[in-house]
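Colleague: I should be grateful for a close look at a single part of this model, taken slowly enough for a first-year student to follow. Please set out what surrounds that part, and then turn to the open and closed spaces elsewhere.

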Amino acid sequence: MKQFLHFLSYPFSALFYLCFGFCIVVFHPIQWICFNVFGYKAHKDSVDILNWFLLRCLNVLGTRFSFTFEGEIPKNVPIIIAANHQSMWDIPPIIWYLRKIHPAFISKKELGKGIPSISYNLRHGASILIDRKKPQEATARIIEIGKYAQATNRSVVIFPEGTRSRDWNPKPFKSRGLLTLFEQMPDAYVLPVSVNNSWKLQRYGMFPMPLGVHLKHRVHPVIKISAYANKEALVAEIERVVTTNVTEI
(Lines give C-alpha, C1' and ligand atoms only; values in the text may rest on other atoms or scores of the structure.)
Protein backbone atom coordinates (compact mmCIF):
# COMPACT_ATOMS: atom_id res chain seq x y z
CA MET A 1 0.00 0.00 0.00
CA LYS A 2 2.81 2.42 0.87
CA GLN A 3 4.53 1.71 -2.45
CA PHE A 4 1.27 2.31 -4.32
CA LEU A 5 0.70 5.63 -2.54
CA HIS A 6 4.28 6.66 -3.28
CA PHE A 7 3.69 5.86 -6.97
CA LEU A 8 0.49 7.93 -6.94
CA SER A 9 2.30 10.83 -5.31
CA TYR A 10 4.15 11.58 -8.57
CA PRO A 11 1.15 12.53 -10.75
CA PHE A 12 -0.61 14.20 -7.80
CA SER A 13 2.54 16.20 -7.03
CA ALA A 14 2.66 17.39 -10.64
CA LEU A 15 -0.98 18.45 -10.37
CA PHE A 16 -0.25 20.19 -7.07
CA TYR A 17 2.60 22.21 -8.54
CA LEU A 18 0.46 23.22 -11.51
CA CYS A 19 -2.17 24.53 -9.10
CA PHE A 20 0.45 26.15 -6.84
CA GLY A 21 2.22 27.82 -9.76
CA PHE A 22 -1.06 29.07 -11.19
CA CYS A 23 -2.04 30.63 -7.85
CA ILE A 24 1.20 32.49 -7.20
CA VAL A 25 1.40 33.76 -10.80
CA VAL A 26 -2.22 34.98 -10.82
CA PHE A 27 -1.98 36.63 -7.39
CA HIS A 28 1.25 38.49 -8.18
CA PRO A 29 -0.43 41.23 -10.26
CA ILE A 30 -3.42 41.17 -7.89
CA GLN A 31 -1.06 41.97 -5.01
CA TRP A 32 0.60 44.71 -7.03
CA ILE A 33 -2.72 46.38 -7.77
CA CYS A 34 -3.94 46.03 -4.20
CA PHE A 35 -0.72 47.45 -2.73
CA ASN A 36 -0.18 50.31 -5.18
CA VAL A 37 -3.80 51.37 -5.69
CA PHE A 38 -5.70 50.45 -2.53
CA GLY A 39 -3.03 50.25 0.18
CA TYR A 40 -2.14 48.01 3.11
CA LYS A 41 -5.52 46.47 3.96
CA ALA A 42 -6.33 45.46 0.40
CA HIS A 43 -2.85 44.02 -0.03
CA LYS A 44 -3.15 42.04 3.20
CA ASP A 45 -6.58 40.73 2.17
CA SER A 46 -5.13 39.56 -1.15
CA VAL A 47 -2.32 37.73 0.68
CA ASP A 48 -4.82 36.08 3.03
CA ILE A 49 -6.91 34.88 0.10
CA LEU A 50 -3.79 33.64 -1.71
CA ASN A 51 -2.88 31.51 1.29
CA TRP A 52 -6.40 30.12 1.48
CA PHE A 53 -5.92 28.96 -2.11
CA LEU A 54 -2.49 27.50 -1.28
CA LEU A 55 -4.15 25.38 1.41
CA ARG A 56 -6.64 24.19 -1.20
CA CYS A 57 -3.70 23.29 -3.45
CA LEU A 58 -2.32 21.11 -0.65
CA ASN A 59 -5.74 19.47 -0.39
CA VAL A 60 -5.06 18.07 -3.86
CA LEU A 61 -2.46 15.86 -2.14
CA GLY A 62 -4.97 14.78 0.49
CA THR A 63 -3.31 17.09 3.02
CA ARG A 64 -5.51 17.84 6.04
CA PHE A 65 -5.15 20.71 8.47
CA SER A 66 -5.78 20.97 12.20
CA PHE A 67 -5.32 24.37 13.80
CA THR A 68 -6.14 23.98 17.49
CA PHE A 69 -6.50 26.94 19.85
CA GLU A 70 -6.00 26.24 23.57
CA GLY A 71 -6.92 29.72 24.78
CA GLU A 72 -8.14 33.15 23.78
CA ILE A 73 -5.81 35.46 21.88
CA PRO A 74 -5.94 38.97 23.39
CA LYS A 75 -7.05 41.77 21.11
CA ASN A 76 -5.42 45.13 20.46
CA VAL A 77 -2.03 44.10 21.82
CA PRO A 78 1.27 43.27 20.08
CA ILE A 79 1.96 39.54 19.79
CA ILE A 80 5.07 37.46 19.12
CA ILE A 81 4.18 34.16 17.45
CA ALA A 82 6.99 31.71 18.29
CA ALA A 83 6.89 28.35 16.52
CA ASN A 84 9.09 25.44 15.61
CA HIS A 85 9.90 25.26 11.91
CA GLN A 86 9.67 22.03 9.89
CA SER A 87 9.11 23.19 6.30
CA MET A 88 7.88 26.04 4.14
CA TRP A 89 4.38 24.57 4.50
CA ASP A 90 4.26 25.69 8.15
CA ILE A 91 3.58 29.18 6.88
CA PRO A 92 0.33 29.26 4.81
CA PRO A 93 -1.79 27.90 7.71
CA ILE A 94 -0.31 30.52 10.07
CA ILE A 95 -1.12 33.31 7.63
CA TRP A 96 -4.68 32.08 7.08
CA TYR A 97 -5.75 30.90 10.53
CA LEU A 98 -4.08 33.80 12.37
CA ARG A 99 -4.98 36.43 9.79
CA LYS A 100 -6.91 38.53 12.34
CA ILE A 101 -3.69 39.40 14.19
CA HIS A 102 -1.78 40.41 11.02
CA PRO A 103 1.21 38.02 11.20
CA ALA A 104 4.40 39.39 9.67
CA PHE A 105 7.48 37.22 9.18
CA ILE A 106 11.19 37.39 9.78
CA SER A 107 12.49 35.68 6.63
CA LYS A 108 15.84 35.03 5.02
CA LYS A 109 16.76 37.50 2.29
CA GLU A 110 16.96 34.78 -0.38
CA LEU A 111 13.15 34.56 -0.37
CA GLY A 112 12.85 38.23 -1.30
CA LYS A 113 13.28 37.66 -5.01
CA GLY A 114 12.42 35.16 -7.71
CA ILE A 115 9.16 33.72 -6.32
CA PRO A 116 5.96 35.28 -7.72
CA SER A 117 3.57 36.61 -5.06
CA ILE A 118 5.64 35.29 -2.15
CA SER A 119 8.70 37.46 -2.76
CA TYR A 120 6.49 40.47 -3.48
CA ASN A 121 4.64 40.05 -0.19
CA LEU A 122 7.87 39.72 1.78
CA ARG A 123 9.27 42.88 0.19
CA HIS A 124 6.16 45.06 0.38
CA GLY A 125 4.16 43.65 3.28
CA ALA A 126 5.04 44.16 6.92
CA SER A 127 7.59 41.32 6.94
CA ILE A 128 11.37 41.79 6.95
CA LEU A 129 14.20 40.06 5.13
CA ILE A 130 17.43 39.35 6.97
CA ASP A 131 20.88 38.15 6.01
CA ARG A 132 21.77 35.46 8.53
CA LYS A 133 25.45 35.94 7.69
CA LYS A 134 25.24 39.53 8.98
CA PRO A 135 23.94 39.26 12.55
CA GLN A 136 24.23 42.97 13.40
CA GLU A 137 22.27 43.96 10.32
CA ALA A 138 19.72 41.22 11.06
CA THR A 139 19.29 42.49 14.62
CA ALA A 140 18.66 46.01 13.32
CA ARG A 141 15.89 44.70 11.06
CA ILE A 142 14.35 42.73 13.94
CA ILE A 143 14.38 45.91 16.05
CA GLU A 144 12.57 47.63 13.19
CA ILE A 145 9.78 45.04 12.96
CA GLY A 146 9.50 44.87 16.74
CA LYS A 147 8.91 48.62 16.96
CA TYR A 148 6.36 48.34 14.14
CA ALA A 149 4.40 45.58 15.88
CA GLN A 150 4.51 47.42 19.22
CA ALA A 151 3.17 50.61 17.63
CA THR A 152 0.44 48.93 15.56
CA ASN A 153 -0.65 46.12 17.92
CA ARG A 154 0.12 43.54 15.27
CA SER A 155 2.08 40.30 15.36
CA VAL A 156 5.52 39.05 14.40
CA VAL A 157 6.24 35.41 13.55
CA ILE A 158 9.64 34.09 14.57
CA PHE A 159 11.08 30.61 14.22
CA PRO A 160 13.64 30.56 17.06
CA GLU A 161 15.41 27.47 15.70
CA GLY A 162 16.80 29.79 13.04
CA THR A 163 16.22 27.31 10.22
CA ARG A 164 13.89 24.41 9.61
CA SER A 165 14.58 21.19 11.46
CA ARG A 166 14.05 18.91 8.40
CA ASP A 167 12.36 16.26 10.54
CA TRP A 168 10.08 16.16 13.58
CA ASN A 169 12.84 16.76 16.13
CA PRO A 170 13.17 20.50 16.96
CA LYS A 171 16.57 22.17 17.00
CA PRO A 172 17.61 24.17 20.08
CA PHE A 173 16.08 27.62 20.21
CA LYS A 174 18.34 30.63 19.68
CA SER A 175 17.54 33.41 22.09
CA ARG A 176 18.90 36.49 20.29
CA GLY A 177 15.90 37.17 18.04
CA LEU A 178 13.37 36.63 20.80
CA LEU A 179 15.28 38.80 23.28
CA THR A 180 15.49 41.58 20.72
CA LEU A 181 11.73 41.44 20.17
CA PHE A 182 11.10 41.41 23.92
CA GLU A 183 13.03 44.68 24.25
CA GLN A 184 11.09 46.37 21.46
CA MET A 185 7.67 44.94 22.40
CA PRO A 186 7.35 45.34 26.20
CA ASP A 187 3.54 45.26 26.02
CA ALA A 188 3.44 42.09 23.94
CA TYR A 189 2.26 38.58 24.58
CA VAL A 190 4.02 35.50 23.24
CA LEU A 191 1.84 33.01 21.38
CA PRO A 192 3.68 29.64 21.33
CA VAL A 193 2.78 27.37 18.41
CA SER A 194 3.76 23.72 17.98
CA VAL A 195 3.88 22.47 14.39
CA ASN A 196 3.61 18.76 13.65
CA ASN A 197 3.95 16.73 10.44
CA SER A 198 4.89 19.63 8.17
CA TRP A 199 8.31 18.02 7.63
CA LYS A 200 6.60 15.02 6.01
CA LEU A 201 5.58 17.16 3.05
CA GLN A 202 9.27 17.58 2.21
CA ARG A 203 10.62 14.22 3.31
CA TYR A 204 11.61 13.55 -0.34
CA GLY A 205 12.66 17.14 -1.00
CA MET A 206 10.43 19.23 -3.22
CA PHE A 207 9.27 16.29 -5.37
CA PRO A 208 7.32 14.13 -5.00
CA MET A 209 4.99 15.46 -2.31
CA PRO A 210 3.63 12.69 -0.05
CA LEU A 211 -0.10 12.01 0.02
CA GLY A 212 -2.43 12.18 3.00
CA VAL A 213 -0.31 14.20 5.43
CA HIS A 214 -2.18 15.60 8.44
CA LEU A 215 -0.53 18.96 9.15
CA LYS A 216 -1.18 20.12 12.71
CA HIS A 217 -0.69 23.47 14.42
CA ARG A 218 -1.32 23.65 18.15
CA VAL A 219 -1.69 27.19 19.48
CA HIS A 220 -0.91 27.38 23.19
CA PRO A 221 -2.13 29.94 25.74
CA VAL A 222 -0.38 33.28 25.51
CA ILE A 223 2.45 34.28 27.85
CA LYS A 224 2.74 37.92 28.94
CA ILE A 225 6.27 39.22 28.48
CA SER A 226 6.09 41.63 31.42
CA ALA A 227 5.30 38.72 33.75
CA TYR A 228 8.91 37.54 33.41
CA ALA A 229 11.69 39.62 34.93
CA ASN A 230 14.24 37.11 33.62
CA LYS A 231 13.84 37.13 29.86
CA GLU A 232 16.20 34.16 29.36
CA ALA A 233 13.82 32.18 31.56
CA LEU A 234 10.97 33.28 29.29
CA VAL A 235 12.84 31.99 26.23
CA ALA A 236 13.36 28.66 28.02
CA GLU A 237 9.65 28.48 28.88
CA ILE A 238 8.62 29.20 25.29
CA GLU A 239 10.98 26.48 24.06
CA ARG A 240 9.60 24.03 26.61
CA VAL A 241 5.98 24.70 25.68
CA VAL A 242 6.59 24.49 21.94
CA THR A 243 8.95 21.53 21.79
CA THR A 244 7.27 19.25 24.33
CA ASN A 245 4.23 19.29 22.07
CA VAL A 246 6.14 18.29 18.93
CA THR A 247 5.95 14.56 18.25
CA GLU A 248 7.33 12.11 15.71
CA ILE A 249 3.92 10.84 14.61
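Modeller: Val 195 stands opposite His 217, a residue of strand E8. Please bear in mind throughout that this is a predicted model. The pair just named belongs to the antiparallel pairing of strand E6 with strand E8 (residues 214-219), which runs over four bridges.

E6 has further partners. With strand E2 (residues 79-83), E6 pairs in the parallel sense, and five bridges are found there. Within this pairing, Ala 82 has Pro 192 of E6 as its bridge partner. With strand E9 (residues 223-224), E6 pairs in the antiparallel sense over two bridges. Here Val 190 is the residue that stands opposite Ile 223 of E9.

Is E6 enclosed or open to its surroundings? Eight of the eight residues of the strand, which spans residues 189-196, are buried, so E6 is largely enclosed by the rest of the structure. The covering applies to both faces. On one side, Tyr 189, Leu 191, Val 193 and Val 195 are buried, and on the other side Val 190, Pro 192, Ser 194 and Asn 196 are buried as well.

Ser 194 merits individual attention as a member of strand E6. Its relative accessibility is 0%, and Ser 194 therefore counts as buried, the cut-off being under 20%. A polar atom of the Ser 194 side chain lies 2.7 Å from the backbone oxygen of Val 242. When residues up to four places away in sequence are not counted, Ser 194 touches Asn 84, Lys 216, His 217, Arg 218, His 220, Val 241, Val 242, Asn 245 and Val 246. Val 242 thus appears both in this list of contacts and as the owner of the backbone oxygen at 2.7 Å.

A second buried residue may be set beside Ser 194. Thr 180 is located in helix H6 (residues 175-184). Thr 180 has a relative accessible area of 8% and is therefore buried. The side chain of Thr 180 reaches the backbone oxygen of Arg 176 at 2.8 Å. Apart from neighbours within four places in sequence, Thr 180 is in contact with Thr 139, Ile 142 and Ile 143.

Helix H6 also leads to the open spaces of the model, for H6 supplies at least two residues of the lining of the largest pocket. Helices H2, H3 (91-97), H4 (118-124) and H5 (135-152), together with strand E3, each do so too. The largest pocket has a volume of about 1,200 Å³. It is lined by 40 residues, of which His 85, Ile 106, Ser 107, Lys 108 and Phe 159 are the closest to its centre. The lining of this pocket divides into 23 nonpolar, eleven polar and six charged residues.

As for closed spaces, the count comes to one cavity of 30 Å³ or more. The largest cavity has a volume of about 180 Å³. Among its 14 lining residues, Lys 44, Val 47, Pro 103, Asn 121 and Ala 126 are the closest to the centre. Helix H2 (40-59) and strand E3 (103-108) are the elements that give two or more residues to this lining. Which element gives the largest share of the lining of the largest cavity? That element is H2, with five residues. By character, the lining of the largest cavity comprises seven nonpolar, five polar and two charged residues.

How values were computed:
Residues are numbered from 1 along each chain as its sequence is written. This is a predicted model: local features need pLDDT of at least 70, side-chain atom pairs count only at pLDDT 80 or more; totals for chains, interfaces and linings use all residues. Side-chain values use heavy atoms; hydrogens and water are left out. Buried means under 20% relative accessible area, exposed over 50%, partly exposed in between (1.4 Å probe, protein chains only). Two strands pair if DSSP finds at least two bridges between them. A polar contact is a pair of N or O atoms within 3.5 Å; within protein, one must be able to donate a hydrogen and the other to accept it, and residues adjacent in sequence count only if both atoms are side-chain atoms. Contact means heavy atoms within 4.5 Å. On a 1 Å grid over the protein atoms alone, a cavity is a set of points where a 1.4 Å probe fits but cannot get out, and a pocket is an open set with protein on both sides within 12 Å along at least five of seven lines; lining residues have an atom within 4 Å of a point. Grid points are joined across faces, edges and corners, and a volume is the space filled by probe spheres set on the points. Ala, Val, Leu, Ile, Met, Phe, Trp, Tyr, Cys and Pro count as nonpolar, Asp, Glu, Lys and Arg as charged, and the others, Gly among them, as polar.
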